[in-house]
Amino acid sequence: MSQSTSSLVKGDAVIVSDAALIYSGVRQDGSTEKRVGLVLDIQSARSQMNLDNDDNLVETLLPDGTVEWIWEQDLVKLGS
């Protein structure tokens with residue numbers, strides 16, 4: 001599967017907010033907690049989940065050890 005142009009690369013550390021998880025359908029507690037995640041993979045939503053959308057989904061390792069697909073635009077590269 002190919003990825004569209006991305007500002008992130010595998011191995012990047014990213015800030016993952018609760019809002020990013022909510023938009024990805026992972027969490028809905030409404031807090032403003034932020035955590036650092038690690039980029040494992042980047043795929044276009046069209047090819048990864050057969051969505052009618054050209055944005056990227058980022059496979060992200062979260063601090064609790066879970067792995068979630070999160071919309072790229074909802075992540076902030078650490079140190080940027």
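Colleague: In what order do the five strands of the open sheet lie?

Modeller: This is a predicted model, in which local features need pLDDT of at least 70, side-chain atom pairs count only at pLDDT 80 or more, and totals for chains, interfaces and linings use all residues. Residues are numbered from 1 along each chain as its sequence is written, and side-chain values use heavy atoms, with hydrogens and water left out. Strands pair here if DSSP finds at least two bridges between them, and the pairing in this sheet is antiparallel. The order is 4-3-2-1-5.

Colleague: Which are the edge strands of this sheet?

Modeller: An edge strand here pairs on one side only. Two strands fit that. They are strand 4 and strand 5.

Colleague: By how many degrees are neighbouring strands of this sheet turned against each other on average?

Modeller: Axes are lines fitted to C-alpha atoms (for helices, over the stretch in contact), and angles run from 0 to 180 degrees between N-to-C directions. For this average, direction is ignored. The turn is 45 degrees.

Colleague: How do the elements of the protein run from the N terminus on?

Modeller: Helices (H or I, at least four residues) and strands (E, at least two) are DSSP runs, numbered from the N terminus. The protein has two helices and five strands. They run β-α-β-α-β-β-β.

Colleague: How many bridges pair strand 2 and strand 3?

Modeller: Strand 3 covers residues 56-61, and its pairing with strand 2 is antiparallel. Isoleucine 42 has valine 58 as its bridge partner. Serine 44 is bridged to asparagine 56. The count for the two strands is six.

Colleague: Which residue in the turn of the hairpin of strand 3 and strand 4 has a positive phi?

Modeller: Strand 4 is residues 67-71, and it pairs with strand 3 in the antiparallel sense over five bridges. One of the bridges joins leucine 61 to valine 67. Five residues lie between the two strands. With phi at about 90 degrees, the residue is glycine 65.

Colleague: Which residues form the nonpolar patch on the surface?

Modeller: Patch residues have over 30% relative accessible area and no salt bridge; like charges are joined within 9 Å, nonpolar side chains (Val, Leu, Ile, Met, Phe, Trp, Tyr) within 5 Å. Areas come from the Shrake-Rupley method with a 1.4 Å probe, and for residues only the protein chains shown count as cover. This patch has about 200 Å² of accessible area together. Its members are Leu38, Leu40 and Val67.

Colleague: Is leucine 38 buried, partly exposed or exposed?

Modeller: Leucine 38 sits in strand 2. Buried means under 20% relative accessible area, exposed over 50%, partly exposed in between (1.4 Å probe, protein chains only). Leucine 38 has 34%, so the class is partly exposed.

Colleague: How many salt bridges does the structure hold?

Modeller: Side chains of opposite charge can pair when their charged atoms come close. The cut-off puts a side-chain nitrogen of Lys or Arg within 4 Å of a carboxyl oxygen of Asp or Glu. The total is three.

Colleague: Which residue forms a salt bridge with lysine 10?

Modeller: The closest N and O atoms are 3.9 Å apart. Lysine 10 lies in the segment before strand 1 (13-17), and its partner is in strand 2, 31 residues apart. Lysine 10 is exposed at 58%, whereas the partner counts as buried at 17%. That partner is aspartate 41.

Colleague: What is the N to O distance between aspartate 12 and lysine 77?

Modeller: Aspartate 12 precedes strand 1 and lysine 77 is in strand 5 (residues 75-77), 65 residues apart. Aspartate 12 is buried at 12%, and lysine 77 is partly exposed at 34%. Their side chains meet in a salt bridge of 3.7 Å.

Colleague: Why does the pair of aspartate 18 and arginine 35 tie together separate parts of the sequence?

Modeller: Their closest N and O atoms are 2.8 Å apart in a salt bridge. Both residues are buried, with arginine 35 at 10%. The pair ties together parts 17 residues apart because aspartate 18 lies in helix 1 and arginine 35 in strand 2.

Colleague: How far apart in space are glutamate 33 and aspartate 18, C-alpha to C-alpha?

Modeller: Glutamate 33 is in the loop between helix 1 (18-23) and strand 2 (34-44). At 39%, glutamate 33 counts as partly exposed. The two residues are 15 residues apart in sequence, and in space 5.8 Å.
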